[in-house]
Amino acid sequence: MINAKNILPLTGLVFSACGQTAAPERPNVIYVFPDQYRNCSFGFWNDPEYASQVNWCGDPVITPNLDRFAGESVVLSDAVSNFPVSSPHRGMLLSGMYPERNGVVLNCMSERSFSSLREDAECVSDVFSAAGYDCAYLGKLHVDAPTRNNPQNPGTYVGNRMPEWDAYTPKERRHGFNYWYSYGTFDVHKHPHYWDNDGNRHDIDEWSVKHEVTKAIEYIENKGNVRDTDKPFFMMIGMNPPHSPYQSEKDCDLEGLALYKDKSDGELLVRPNADTTMAKARSARYYFANVSGIDREFGRLMDALEKAGLKENTIVVFASDHGETMCSQGITEPKNTIWRESLNIPFIVRYPGHLKHRVDDLMISTPDIMPTLLGLAGLSDRIPASVEGRDYSKIFTQAADQPERPKSAIYMRNVNGDCKEDGEVINFFPVARGVKTARYSMELTVTRDGKLNTVKILDNVEDPYQMNPLDPKQNEALFKELCHELAVQLHDTNDIWYRERILSDVVPYDAL
């Protein structure tokens, strides 16, 4: 007969038949990352709680769903895209390795066949799959060099552009993702296409973000038995907007456009470093329209997750691959620069019951994301030895034994190297390297013969909009200090600049 006094509370525990406690249920993980979404494009940055944590103003955007999500999450103010271009960021995100090790050293396209994610790289999805997860990828991938592997027309590229940018990813290159609804890169927001698990192509007449969220909801609800519901799931959604094009109503979410179409360029581009006389200034309304459209669809995704009863046991991340300058500094280049609007990306993480809401200035780098996600999911012991990033999950959970916070982050920019007569690029040239600390950003560029070309030093505290670069000759001590920190980063990442001692007369490699 059972004595009621001896019955222990069972809350939070699962017992096996032999009386032993079973492992806790693994959380689901959803990683949502729109392309070219800059960190200042959230309404919450204009709320006093958040504004007090940064020294810059947010864009005048309307994002109620993301604002609410942020209020339940850890919000990073200083996350860094170390190589703020689509393919290199994605290669680091998936593999936890810097570009030279993962293979993606330039944006992927047909004339750069050598720049492609290594098939043998052990990616975050490989680890989740091996740990018993059902893994899904939806939307833009852009880490494979296009080849003539068109499943609808073998022996040809998937498109007619020369050079071709879009790519089909066959099963052997999907790195553990068993549910596939994806494409390489294709910038027609309202007429996207996708290849499914079996290589069938689906051409869609709908704004891509809306369609992808619908497919994600179908995956969550297991419509058509597309996933194994006995397993937790890991799902990545790579949205293309608000990436260009953003020139007209044809390029944007119309419901979002209604919020901005009657506003002037000056009302939209409120950052003091934005040049509203540029022709590109008219693009702000279309860019922000897609931002608000993404917010609406993200809200729909979160509602579906909650309706399915999965909110409490799901880690959700909202991030991006790089930012968008949108007329800041008077430049037309939207990305691939050390300017804050390009380098600083969103990184917002919700995990109910495990993470307390706060704004944190953790300077997470792109290769850190993979091990940190695995750590949050309780899979720290499965982080591959190949991973070069660091697991900062204990900083997110505020564990007692937190790792040391990073002092700085590397910035890198590569361009085409040598080319064959037919235009095929055969290697890359590391034109720029830089470093970001809590206060400063510095970029060095070199000429093709390895000589110092330019120096850019920015004080992000005294000059938050980076409008007054510092003269290295008038700030010699600071310049030397930043060059030393750059040397540390180049050494720690085993970068080509370190291995070939590029600018050794400026960067003190031998002093390490």
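This report describes a sheet with the helix across it, and then a buried helix, in a predicted model.

## The sheet

Strands of a sheet pair through backbone hydrogen bonds, and the pairing can be parallel or antiparallel. Here the pairing is antiparallel. Four strands make up an open sheet, and their order is β11-β12-β13-β14. Two of them sit at the edges: β11, residues 408-416, and β14, residues 452-459. Each edge strand pairs on one side only. From one strand to the next, the twist averages 15 degrees.

Look at the edge strand β11 and its partner. β11 pairs with β12, residues 428-437, over eight bridges. The sense is antiparallel. One residue pair can be picked out: isoleucine 410 has valine 435 in β12 as its bridge partner.

## The helix across the sheet

Helix α13 covers residues 476-492. It lies across β11, β12, β13 (440-446) and β14. Its direction is at about 115 degrees to β12.

## A buried helix

Now turn to helix α3, residues 86-95. Why is α3 largely enclosed by the rest of the structure? Because 10 of its 10 residues are buried, which here means under 20% relative accessible area. The buried residues include Ser86, Pro88, His89, Arg90 and Leu94.

What covers them? Strands and helices both take part. Among the strands are β1 (28-32), β3 (134-140) and β7 (233-238). Among the helices are α4 (99-102), α5 (124-130) and α11 (366-376).

Glycine 96 follows α3. Its phi is positive, near 75 degrees.

How values were computed
Residues are numbered from 1 along each chain as its sequence is written. This is a predicted model: local features need pLDDT of at least 70, side-chain atom pairs count only at pLDDT 80 or more; totals for chains, interfaces and linings use all residues. Side-chain values use heavy atoms; hydrogens and water are left out. Two strands pair if DSSP finds at least two bridges between them. Helices (H or I, at least four residues) and strands (E, at least two) are DSSP runs, numbered from the N terminus. Axes are lines fitted to C-alpha atoms, for helices over the stretch in contact, and angles run from 0 to 180 degrees between N-to-C directions. Contact means heavy atoms within 4.5 Å. Buried means under 20% relative accessible area, exposed over 50%, partly exposed in between (1.4 Å probe, protein chains only).
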